[in-house]
Amino acid sequence: MDRIQLAEDLSFSRFIHGLWRLNDWNQSKEETLALIEEVMAAGITTFDHADIYGSYTCEDLFGDALALKPSLRDQMEIVTKCGIVLPSQNRPEHKTHHYNTSKKHIITSVENSLTSLKTDYIDVLLIHRPDPFMDPEQTADAFSQLHKEGKVRYFGVSNFKDHQFSMLQSYSDFPLITNQLELSPYELENFEDGTLNHALQNRIPPMAWSPLAGGRLFSSEDEKAVRLRSTLEKVREEKNAADVSQIIYAWLLNHPSRIMPIIGSGKIERIRSAADSLDIKLNHDQWFEILQSSMGHDVP
Ligand code: NAP
């Protein structure tokens with residue numbers, strides 16, 4: 001499995017495993033541990049979390065599995081996020097849905113994540129969403145304290161536009177090492193609005209969330225999904241690929257910004273199939289056919 005170097009002493013596997021849906025998989029901790037080990041055997045060592053996943057349960061489920069084999073911790077990279085506050089029976093003190101990127105909230109959130117994940121450190125902490133009420137001095141202060149205490153190695157953001165990224169970066173002594181973005185043939189916003197250009201300009205590889213559009217590319221009956229399915233199937237035949245999802249991943253992987261797709265499935269056969277798409281090279285005709293099929297018209 002290729003790796004992407006994000007700092008001198010930090011690299012991610014090219015594919016990342018996402019744990020947003022872990023609670024839905026209804027696994028015992030032994031089954032989750034078996035999945036983690038199979039994912040790692042496929043060369044995927046980077047795992048993506050957020051405090052809020054599964055209404056604040058997914059980090060615990062992962063941590064309970066990891067506690068069965070703590071030696072795995074140093075062979076993997078753990079990413080988690082903070083900054084969204086959700087009302088939940090697991091957080092009775094949360095009254096409303098809002099964002100909080102204050103120093104106090106970030107530090108409390110990381111301490112909860114460390115307890116849940118049963119680890120002493122987070123490899124990369126992301127601010128989950130841009131916060132219109134952010135005081136960037138406080139956010140940067142939280143980064144400094146967490147780094148000094150050895151609790152977080154590196155920092156990044158998610159869903160930030162270029163101006164939001166640059167603004168926070170200007171307050172922080174630590175380089176923001178990635179921006180986790182919604183990127184798929186179905187969802188082109190970040191391709192079109194300059195967000196990916198900013199990643200290219202600053203040589204900051206983005207992580208791609210919902211690379212298969214959360215499954216909508218297979219199931220939705222809207223015009224765009226139907227159009228894309230037929231184009232993706234045509235390209236799949238041309239490339240003799242095992243399934244359409246490999247062509248979707250290849251479309252992202254072939255982009256020069258060094259996109260790292262986050263796989264959202266808990267099924268090991270789908271995860272292995274994703275890893276096989278690393279060898280698929282699309283030509284310009286194929287890449288643009290997929291783009292134009294999503295746009296619904298030719299490029300000008
Ligand atoms: P995704 O890969 O786009 O979607 C996964 C869904 O697609 C699953 O329900 C899966 O079903 C289904 N699927 C996969 N392959 C399929 C196939 N061949 N045919 C039919 N259905 C298929 O990814 P995602 O789960 O939406 O997101 C991935 C990760 O991104 C999350 O786990 C999370 O870590 C991260 N994320 C981040 C943000 C953010 O704001 N930063 C937001 C959303 C997600 P099965 O489970 O049955 O395989």
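**View 1. The largest pocket holds about 780 Å³ of space.** Welcome to this predicted model, which we will explore one close-up at a time. The lining of the largest pocket is made of 36 residues, and W20, R21, S210, G214 and G264 are the ones closest to the centre. Several elements, namely α2, α11 (244-253), β12 (260-263) and α12 (268-276), each bring at least two residues to this lining. Among the contributors, α12 has the largest share, with three residues. If you sort the lining of the largest pocket by class, you will find 13 nonpolar, 14 polar and nine charged residues.

**View 2. The second largest pocket has about 270 Å³ of space.** Here 16 residues form the lining, and those closest to the centre are E93, H94, H105, T108 and S109. Look for helix α4 in this view: α4 supplies six residues, the largest share of the lining of the second largest pocket. By class, this lining has two nonpolar, nine polar and five charged residues.

**View 3. One cavity of 30 Å³ or more is counted in the model.** The volume of the largest cavity is about 50 Å³. To find the largest cavity, look for the residues that line it: F165, N179, L181, T195, H198, A199, N202, I204 and P206. Two elements, β10 (176-182) and α8 (195-201), give two or more residues each to this lining. Of the elements, α8 gives the most, with three residues. The lining of the largest cavity has no charged residues; five of its residues are nonpolar and four are polar.

**View 4. K81 sits in strand β5, which runs over residues 77-82.** Is K81 buried or exposed? With a relative accessible area of 1%, K81 is buried, because the cut-off for buried is under 20%. The side chain of K81 also has a partner to look for: a polar contact of 2.8 Å joins it to the side chain of Y53. Around K81, once neighbours within four places in sequence are left aside, the contacts are D48, H49, A50, D51, Y53, L125, L126, H128 and Q180. Y53 therefore appears twice in this view, as the polar partner of K81 and in the list of its contacts.

**View 5. Helix α3 (residues 58-66) has six buried residues to pick out.** They are C58, E59, F62, G63, A65 and L66. Why do these residues lie on the same side of α3? They cover an arc of only 160° around the axis, so they share one side of the helix. A general point helps here: an α-helix has 3.6 residues a turn, so residues three or four places apart point the same way. The buried residues of α3 pack against several elements: α1 (29-41), β4 (46-48), α2 (53-56), β5 and α4 (103-117).

**View 6. R258 lies in the loop between α11 and β12.** R258 is partly exposed, with a relative accessible area of 31%. Which residues does R258 touch? Not counting residues up to four places away in sequence, R258 touches I4, Q5, R14, R203, P205 and P206. One of these, P206, is also in the lining of the largest cavity. To connect this view with the close-up of K81, note that R258 and K81 are 177 residues apart in sequence and 21 Å apart in space, C-alpha to C-alpha.

**View 7. N159 and N240 each have a positive phi without being a glycine.** As background, most residues other than glycine have a negative phi. N159 has a phi of about 65°, and you can find N159 in the loop between β9 (152-158) and α6 (162-171). For N240, phi is near 55°, and this residue has its place in the loop between α10 (223-239) and α11. Which of the two opposite words, buried or exposed, fits N159, and which fits N240? N159 is buried, with a relative accessible area of 15%, whereas N240 counts as exposed, at 69% relative accessibility.

Technical notes:
Residues are numbered from 1 along each chain as its sequence is written. This is a predicted model: local features need pLDDT of at least 70, side-chain atom pairs count only at pLDDT 80 or more; totals for chains, interfaces and linings use all residues. Side-chain values use heavy atoms; hydrogens and water are left out. On a 1 Å grid over the protein atoms alone, a cavity is a set of points where a 1.4 Å probe fits but cannot get out, and a pocket is an open set with protein on both sides within 12 Å along at least five of seven lines; lining residues have an atom within 4 Å of a point. Grid points are joined across faces, edges and corners, and a volume is the space filled by probe spheres set on the points. Helices (H or I, at least four residues) and strands (E, at least two) are DSSP runs, numbered from the N terminus. Ala, Val, Leu, Ile, Met, Phe, Trp, Tyr, Cys and Pro count as nonpolar, Asp, Glu, Lys and Arg as charged, and the others, Gly among them, as polar. Buried means under 20% relative accessible area, exposed over 50%, partly exposed in between (1.4 Å probe, protein chains only). A polar contact is a pair of N or O atoms within 3.5 Å; within protein, one must be able to donate a hydrogen and the other to accept it, and residues adjacent in sequence count only if both atoms are side-chain atoms. Contact means heavy atoms within 4.5 Å. The arc is that of the directions from the helix axis to the C-beta atoms.
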